[in-house]
Amino acid sequence: MKFKSMLLGAVSLGVMTGLVHAETITIATVNNGDMIRMQKLTDDFTAKNPDIDVEWVTLEENVLRQRVTTDIATKGGQYDVMTIGTYEVPIWGKQGWLVSLNDLPESYDIDDLLPAIRGGLTVDGELYAAPFYGESSMVMYRTDLMEKAGLEMPEAPTWDFIAEAARAMTDKENEVYGICMRGKAGWGENVAFITAMSNSFGARWFDMDWKPQFDQPAWKDTLTFYLDLMEDAGPPGASSNGFNENLALFQTGKCGMWIDATVAASFVTNPDDSEVADKVGFALAPDKGLGKRSNWLWAWSLAIPAGTDNEAAAKKFIEWATSKEYLELVASKEGWANVPPGTRTSLYENPEYKKVPFAEMTLQSINSADPQNPTVDPVPYVGVQFVAIPEFQGLATVIGQQFSAALAGTITAEQALQSAQQIATREMTKAGYIK
């Protein structure tokens, strides 16, 4: 009897002192710098929510996409919070796979989210993911190498200028390459980059009847230009380089120019990580004079899969990680240049953030991207660097392998495009888009 009383007393004491096991949420995320920083700051969340434990699953971009897609499609239930992008959210939201976030508290201030970013995460008036950071793409370049080449970067360069400057800045003997661009196969890696590039060359994935367009001259012009420039002025092994690999090359002084996500600006200008932090300039993504630049629109966002047992705790985490207060937390520890960009209007109205050298160009790039009209000629789809249909992920993954093989030199541009045309025609016919 005495033992039973002691046991009940210990249980009661455990409840009062918070020793009872906390609720655990599992978060799947990508291994980008901003997400790594978020993990390091999780103590702030758990201090405010001692009844919630957080477990992280951090994955390389291509692996993350595959894992979360499989898990949500099969209702695997491995994750309570998923890091997903602007491509997945509208499709999964429409299928009922995600929890609506419209009931986030008034203090969260949903109306403060940038309209371009919020619109891409909303289906029929329901917000299905909260943006952790938003991005477009732009040119990051070495000001010292540009000056050495006797050139001056325009604010809005053409692809022809980029090619001229890249070749002029290349010094292969000293392992300095004029340009770094994505070559790693993946629908969110090289396909995202080349698709955005192709928009500016007048290319389309599909015409208004959903017929693939890889056999058209604009695609040949795009891919040939890309391959020739990378051959002349790109780093060796470029077919294995995605965002993180090119970031490392730029930070160590190996790239004269890097065309990629605007979110990288804080990394390349951070003197703790970048050897060239004080020698970086920025310009808009290039064009070909056809009325479309090659900038994309994307947000890495946090979403909750429908059916999770930990919905309330997951919402608390998302509210914390994508709030105005989180931006202030990062700023207090690492400076305003390192806060996650591209999500809130108030950030770009902040006098301190306005001093950040890349802030205005990031906002301009985001606001100028047009997912509803991404190409020179009309298209039946929405999306700048992707096509917002369920079939795109699988289709673009295979086509990305063809583009990467062409960059590696194992097939020609013509062979890659011929394969892309055949693959796309077969899959779109199978899916019922064309007969």
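## Salt bridges, ring contacts and voids

Let's start with one acid: Asp34 counts as buried, at 2% relative accessibility (buried is under 20% relative accessible area, exposed over 50%, partly exposed in between, using a 1.4 Å probe and protein chains only). This is a predicted model, where local features need pLDDT of at least 70 and side-chain atom pairs count only at pLDDT 80 or more, while totals for chains, interfaces and linings use all residues. Numbering runs from 1 along each chain as its sequence is written, and side-chain values use heavy atoms, leaving out hydrogens and water. The model holds 23 salt bridges, 32 aromatic pairs and three cavities of 30 Å³ or more.

**Salt bridges**

- A salt bridge here is a side-chain nitrogen of Lys or Arg within 4 Å of a carboxyl oxygen of Asp or Glu.
- Asp34 has Arg37 as a salt-bridge partner, at 3.1 Å from N to O.
- Both sit in helix α2 (residues 33-40), three residues apart, which puts about one helical turn between Arg37 and Asp34; helices (H or I, at least four residues) and strands (E, at least two) are DSSP runs numbered from the N terminus.
- Arg37 is buried too, at a relative accessible area of 9%.
- Asp112 and Arg344 make another salt bridge, with their closest N and O atoms 3.1 Å apart.
- That pair connects distant parts of the chain, 232 residues apart: Asp112 is in the loop between α5 (88-94) and α6 (115-120), and Arg344 is in the loop between α14 (324-334) and α15 (345-349).
- Asp112 is buried at 7% relative accessibility, and Arg344 is buried at 0%.
- Arg142 and Asp144 also meet through their side chains in a salt bridge, 2.9 Å from N to O.
- In this pair Arg142 is buried, with a relative accessible area of 9%, whereas Asp144 is partly exposed at 26%.
- Back at α2, shared partners tie Asp34, Arg37 and Glu334 into one salt-bridge network.

**Aromatic rings and charges over them**

- Aromatic pairs, 32 of them in this model, are Phe, Tyr or Trp rings (the six-membered one for Trp) with centres within 6.5 Å; planes under 30 degrees apart are stacked, over 60 edge-to-face and the rest tilted.
- Trp187 and Trp298 have ring centres 6.3 Å apart and planes at 70°, so they pair edge-to-face.
- Trp187 is in the loop between β8 (177-180) and α9 (190-200), while Trp298 belongs to strand β11 (residues 298-303), so this contact ties together parts 111 residues apart in sequence.
- Both rings belong to buried residues: Trp187 has a relative accessible area of 4%, and Trp298 comes in at 6%.
- Trp187 also has Arg65 over its face, 4.3 Å from the ring centre (a charge sits over a ring if NZ of Lys or CZ of Arg is within 6 Å of the ring centre and within 35 degrees of the ring normal).
- Arg344, the partner of Asp112, puts its charged end over the ring of Tyr108, 4.7 Å from the centre.

**The largest pocket**

- On a 1 Å grid over the protein atoms alone, a cavity is a set of points where a 1.4 Å probe fits but cannot get out, a pocket is an open set with protein on both sides within 12 Å along at least five of seven lines, and lining residues have an atom within 4 Å of a point.
- The largest pocket holds about 450 Å³ of space, where volume is the space filled by probe spheres set on grid points joined across faces, edges and corners.
- Its lining has 22 residues, and the closest to the centre are Pro90, Gly120, Thr122, Val382 and Ala388.
- Two or more lining residues come from each of α5, α6 and β4 (122-123).
- By class, the pocket lining has 13 nonpolar, seven polar and two charged residues (Ala, Val, Leu, Ile, Met, Phe, Trp, Tyr, Cys and Pro are nonpolar, Asp, Glu, Lys and Arg charged, and the others, Gly among them, polar).

**Cavities**

- The largest cavity has a volume of about 140 Å³.
- Of its 16 lining residues, Glu61, Glu135, Arg182, Gly188 and Trp298 lie nearest the centre.
- The elements giving two or more residues to that lining are α4 (61-73), β6 (130-135) and β11.
- The largest cavity's lining divides into nine nonpolar, three polar and four charged residues.
- The second largest cavity has about 40 Å³ of space.
- Its lining includes Pro131, Phe132, Tyr326 and Arg344, with β6 and α14 each giving two or more residues.
- Six nonpolar, three polar and one charged residues make up the lining of the second largest cavity.
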